[in-house]
Amino acid sequence: MSDFDREQILRTSGVDVLKCMRCGKCSATCPSYDEMEYHPHEFVYMVEKGQIDKLMASKSIYKCLSCFACIERCPRGVEPARLVEAVRLQVIRQQGKNHLRADDIPALLDDDMPQQAIVTALRKYSK
Amino acid sequence: MIFSYYPGCTLKNKAQDLDRYARLSAEALGFTLEELDEWQCCGGAYSMAKDEIASKLSSVRALNSAKAQGRDLVTLCSACHNVLKQANADMAGDAEFSLHANNYMQLDEPYHGETKVLHYLEVLRDVVGFDALKAAVKNPLTGKKVASYYGCLLLRPGKVMQMDNPENPQIMEDFIRALGATPVLYPYRNECCGGYIAMEDPALAQKKSTAVMESAADMQADCMVTACPLCLYNLQKNAVTNSQVPVLYFTELLAEALGVKG
């Protein structure tokens, strides 16, 4: 499955992992760095080397804040967040693999939470 | 002058102040926001995946509605703005995406990104002009130290958003100056508050929002302004600080300065 997943992740993300020059700026600027088992620059390396199963099993794919910092600041235009999202999609697009279920949401709400938080969580974690 | 207007889901619910003060201020400044008919939620987060098509069609529909009216499309919510502008860039520049999206839409005439998407702040800067705004101010906010919070979505990715320099922006500071207040610069003004993860990982949202609030408080801000309902919620609700810097929508300060707050 790993080869299939790798090809799909490359296609979904549109990322050319070979452009990476390993400067680490993506991880240095990532606001979720401390929460991630695998960091943005490791996503690039691990997809290149085909270590897809580890990425798909990692909670790191749910920690990306979608802030576009690594996309903006990558000097080579690799855009690692695209890979993080593509790996996440490769997981949650499988039947029964949603990370967030609509039924889970009422318990997570408070009176002030904006609709934006809810629709975004569903977009990011559920198919 | 009339603009097509896409308010988005949150401005009809938790962020009604962002919408209301924007409309009141627009009338005072001589332009009108005309809400699109039957718009649908943009989804709040732009998917970077090349093969996510159906989830972007609500944005394409809104963009095409504005095209049909022959007007520029104005947004207020940072997230809506980000999603619509990025979807529009895809329709203009990504031939495969555009083909698939148009095949779904079955429009009389295919859409290829013709609509110009403007954030309300861009209307103030580029259409009204900050000098004209300054001249229209009735209650200058003299002496008020205001920290602008850009967050992530207004500016990035810079090559698509093209609103301002993504690393050293000034549009909100210029806006604050036009109202007679004093802008406060602080290091975290364009770093992420963690709002998107408020449901998934509240502890992380707390950590990130606290860093932003403390950064603004360190620079002696009296208040902070934002265009994003999720940032406002996250900074007010989740940040844990000793300082009490209130977070407001930028349109509330605008309405106050224009004397239309009521």
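How many bridges join S1(B) to strand S3 of chain B, and do the two run parallel or antiparallel? Keep that in mind as you open the viewer, and remember throughout that this is a predicted model.

**Stop 1: a strand with two partners**

Select residues 2–6 of chain B, which form strand S1. Most of this strand is covered, with four of its five residues buried. Now add residues 73–75 of chain B, strand S3, and you have your answer: three bridges join S1(B) to S3(B), and the two run parallel. To see where they meet, click on B:Tyr5, which stands opposite B:Val74 in S3(B).

Next, bring in S2(B), residues 32–35. Four bridges connect S1(B) with S2(B), and this pair also runs parallel. Pick B:Ser4 here, and look for B:Glu34, its bridge partner in S2(B). Then follow the chain from S1(B) through H1(B) to S2(B): this β-α-β crossover is right-handed. While you look along these strands, recall that in a regular strand the side chains alternate between the two faces of the sheet.

**Stop 2: two domains of chain B**

Colour residues 2–120 of chain B as domain 1 and residues 132–258 as domain 2. The centres of the two domains, taken over C-alpha atoms, are 23 Å apart. Where they touch, 22 residues of domain 1 are in contact with 19 residues of domain 2. On the domain 1 side, helix H1 (16–29) and helix H3 (78–93) of chain B each supply at least two residues. H1(B), the helix you followed in the crossover, gives the largest share, eight residues. Colour this side by class and you should find 12 nonpolar, seven polar and three charged residues.

**Stop 3: unusual spots in the loops**

Which residues should you click on for some backbone details? Start with B:Glu38, in the loop between strand S2 and helix H2 (57–69) of chain B. B:Glu38 has a positive phi of about 50° although it is not a glycine. With 8 C-beta neighbours inside 10 Å, this residue counts as exposed.

Jump to B:Pro157, in the loop between strand S5 (145–148) and helix H7 (158–161) of chain B. The peptide bond leading from B:Arg156 to B:Pro157 is cis, with omega near -10°.

On the other side of H7, in the loop that leads to helix H8 (171–178) of chain B, select B:Gln162. B:Gln162 has a positive phi of about 45°, and is not a glycine either. It has 12 C-beta neighbours inside 10 Å and so counts as exposed.

**Stop 4: where the chains meet**

Show both chains. Here 35 residues of chain B are in contact with 33 residues of chain A. On the chain B side, the elements giving two or more residues are helix H9 (202–218) and helix H10 (229–237). H10(B) gives the most, with four residues. By class, this side has 19 nonpolar, eight polar and eight charged residues.

**Stop 5: an enclosed helix in chain A**

Finish with residues 80–92 of chain A, helix H6. From first C-alpha to last, its 13 residues reach 19 Å, close to the 18 Å expected at 1.5 Å a residue. Is H6(A) largely enclosed or open? Because 11 of its 13 residues are buried, the helix is largely enclosed by the rest of the structure. Among the buried ones are A:Leu83, A:Val84 and A:Val87. To see part of what covers them, show helix H1 (2–13), helix H3 (40–49) and helix H5 (69–73) of chain A, which are included in the cover over the buried residues of H6(A).

Note on methods: Residues numbered from 1 in each chain as written. Chains lettered and ligands numbered in written order. Predicted model: local features only at pLDDT ≥ 70, side-chain atom pairs only at ≥ 80, totals over all residues. Expected span 1.5 Å × (residues − 1). Buried ≥ 20, exposed ≤ 12 C-beta atoms within 10 Å, placed from the backbone. Contact = placed C-beta atoms within 7 Å. Nonpolar A, V, L, I, M, F, W, Y, C, P; charged D, E, K, R; others polar. Domains from an automatic or database assignment. Pairing = 2+ DSSP bridges. Right-handed = clockwise from strand over helix to strand, strands pointing away.
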